[in-house]
Every structure is written in structure tokens, then in C-alpha cells.
Amino acid sequence: MIDTTAIPPGGEGHIAVTLDTHGKRGKMNKPINITTDSPQTRELTINVEADVELDFDFETPNLYLGQIAADSVVVKNVFVFIKDVDEFKLGEITVTSPLLSARSLGIIQEEGQPARLEIEVTAGPGFPPDQFKGTVLVHSNLKRKPVTELLVWAQIPTGVEIAPRSLNFRIRGSVPADLQQEKLVNITNYANNLPLEILEVRDLDGNTKLTLKTVRASREYQLVVALDNPSVPTGGHRSGRIMVRTNNPQYKEVTVAYSMVWQQ
């Protein structure tokens, strides 16, 4: 907050600075730029420096579990920093979702390092479609910080996921290695009630060579897309489409686009 009252010659003004650490720790350096109407000093910069120590806080306030299936069970270990372990007493560990559980694995103390409380977090099974969010709350006897929170979240895809849905080949010369580029397309089945079958993969424009690999039958496949050397352009660009047919009625035909760009 800036005192916008005009400052007379030889007078003083005041600037109130608030630093939001956003849960970060360690050294922080933030510049504040001040613009004035003084012809001698149009701009000034104030550097605000701080060394933020965590008192009773999770090492990171978020735990992302990634893209997972609805029936997954995920176990992760996380850490809570404790500034003064001698005055600390652990209270309850609670959760906001029946899909979450958490328990203490004890305090780790290493020479020259802050004490850390290790927490084991278990999530699942039975995640809802699309997205899951829940919170782990660790309680303490500290009046200044009675509780610290950890947001746990995950993406739960449904059906069949084909990624990426577009590919880009950049050809920088006639070097053989450049003409033998390969890209991978991952095909994952998240529909538990229907085993996945890949019925056909085909380049609709005839520019690439396709190889389908089974990672886990009915669950996960990998499509290798390689440049077909005789079809590589000598300049400009070329685009095309790869069609993937599956036995899932919602994903009968899925198209992956690609482009081939010649760069000198």
C-alpha cells in the first residue's frame, strides 16, 4: 500500500509492503518498482528479501497422484517440517474423504536438517469419474499453528484415452537419422467393463509406417509412428491422419493428426 499524498521537498512518504510466501520456503527476493514525477528520479526499485522458514507445514501443500484408474490404490509418503521438535506434539491425522487414509510413520531427525514428520497417505479405490480432491489434516499442540493441510488430487479418465492426438515431425536435412524419426502414441483403456481391442490402425494418407505394440493386453497399447522414407517431402510440409479403430462403441474410430515439416 502506497501513501499517495504529495510529498513536499525534503519530506517523507510511506510504503507498506506485504509479502505472501504462497507456502514457499527458503530465500525470496522480490523487486518493487516505484514511479515518481521527479525529473531527477523517475523510477526507483526496492528489493524485498526474506528467508522463509517452515514452522509446522507440509513440504509441499499439494499431492498430485496423476492420471489413475477408478479402481486404483495409490500409496505415497509425504513430509511435514517441524521447526521446534521439542515443543511439538502430534495430534490427530484426519481426512475429508472416505477414499483417503493417512498415518504417521514417525519423526526423522538428521544432523543439520529440520525435523520431518513422515506421513503415509493411501488413496482409493473407487474414485469418481473425471477428478478427485480430498484433504489430509495433521493436528498439533502448537497454538500458533494447530493444523497443517495437504490437498490430494487426481485425474480419473474414463473410456479410452489416446495421447497425444497430434504429432509433429521436423526434418532438418537429408541425414538418415532425420528421416527415421519415430513418435509414440499411447492407447490406454480406463473402461473396466469392456476389455479393449485395437481392431485396426491405418495411415489414411500413406505417409508413415505404423507398428502396434501390446503393453498390457486389453488395457494398454503403444503405437509407433515412423516416417516412411520414400514419402518424406523434399521441402515445405505435409500433413495426414492416422485412424485407430477399437471395439469400444464410444471410440469406434479415433483420429490422430500429424504434420511433417521440412526445415533447412
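This report covers the salt bridges, strand pairing, nonpolar cores and selected residues of a predicted model.

## Strands E14, E17 and E18

Strand E17 covers residues 237-246 and strand E14 covers residues 198-203. E14 and E17 pair in the antiparallel sense, with five bridges between them. Within this pairing, Ile-198 has Thr-246 of E17 as its bridge partner.

E17 is also joined to strand E18 (residues 253-262), again in an antiparallel arrangement, and here the number of bridges is nine. Met-243 is bridged to Thr-255 in E18. The two strands E17 and E18 make a hairpin, and six residues lie between them.

## Salt bridges between E14 and E17

The model contains seven salt bridges. One of them joins the side chains of Arg-245 and Glu-200, with an N to O distance of 2.9 Å. Because Arg-245 belongs to strand E17 and Glu-200 to strand E14, this pair ties together parts that are 45 residues apart in sequence. Arg-245 is partly exposed at a relative accessible area of 29%, and Glu-200 is partly exposed at 25%.

Glu-200 takes part in a wider arrangement: a network of salt bridges links Glu-200, Arg-202 and Arg-245. The side chains of Arg-202 and Glu-200 are also joined by a polar contact of 2.9 Å.

## Surroundings of Arg-202

Arg-202 is a residue of strand E14. Its relative accessible area is 39%, so Arg-202 counts as partly exposed, the range for that class being 20% to 50%. Arg-202 and Val-244 are separated by 42 residues in sequence, while their C-alpha atoms are 6.8 Å apart in space.

With neighbours within four places in sequence left aside, Arg-202 is in contact with Leu-210, Arg-241, Ile-242 and Met-243. Of these, Met-243 is the bridge partner of Thr-255 in E18, and Arg-241 forms a salt bridge with Asp-205.

## Other salt bridges

In the pair of Arg-241 and Asp-205, the closest N and O atoms are 3.6 Å apart. Arg-241 lies in strand E17, whereas Asp-205 lies in the loop between E14 and strand E15 (208-216), so the salt bridge ties together parts that are 36 residues apart in sequence. Both residues are partly exposed: Arg-241 has a relative accessible area of 41%, and Asp-205 has a relative accessibility of 35%.

A further salt bridge is formed by Glu-220 and Arg-216, whose closest N and O atoms are 3.4 Å apart. Glu-220 is partly exposed, with a relative accessible area of 25%. Arg-216 is likewise partly exposed, at 45%.

## Nonpolar cores

The largest nonpolar core is made up of 26 residues, and Leu-65, Val-121, Val-136, Leu-150 and Val-152 have the most contacts inside it. At least two residues of this core come from each of the strands E3 (56-58), E4 (62-67), E5 (74-82), E8 (115-123), E9 (130-140) and E10 (147-156). E8 gives the largest share, five residues.

Leu-65 is in contact with Val-74, Lys-76, Ala-123, Val-152, Trp-153 and Ala-154, neighbours within four places in sequence being left out. Apart from the largest core lies another core, of 20 residues, including Val-160, Ile-171, Leu-223 and Val-254.

## Arg-170 and Ser-97

Arg-170 is located in strand E12 (residues 166-171). Arg-170 counts as partly exposed, with a relative accessibility of 36%. In sequence, Arg-170 and Trp-262 are 92 residues apart, yet the distance between their C-alpha atoms is 6.1 Å. Residues up to four places away in sequence not being counted, Arg-170 touches Gln-181, Val-261 and Gln-263.

Ser-97 sits in the loop between strand E6 (90-95) and strand E7 (100-108). Ser-97 has a relative accessibility of 12% and therefore counts as buried, the limit being under 20%. The side chain of Ser-97 reaches the backbone nitrogen of Leu-99 at a distance of 3.1 Å.

Definitions and conventions
Residues are numbered from 1 along each chain as its sequence is written. This is a predicted model: local features need pLDDT of at least 70, side-chain atom pairs count only at pLDDT 80 or more; totals for chains, interfaces and linings use all residues. Side-chain values use heavy atoms; hydrogens and water are left out. A salt bridge is a side-chain nitrogen of Lys or Arg within 4 Å of a carboxyl oxygen of Asp or Glu. Helices (H or I, at least four residues) and strands (E, at least two) are DSSP runs, numbered from the N terminus. Buried means under 20% relative accessible area, exposed over 50%, partly exposed in between (1.4 Å probe, protein chains only). A nonpolar core is a set of buried Ala, Val, Leu, Ile, Met, Phe, Trp, Tyr and Cys residues joined through side-chain atoms within 4.5 Å. Contact means heavy atoms within 4.5 Å. A polar contact is a pair of N or O atoms within 3.5 Å; within protein, one must be able to donate a hydrogen and the other to accept it, and residues adjacent in sequence count only if both atoms are side-chain atoms. Two strands pair if DSSP finds at least two bridges between them.
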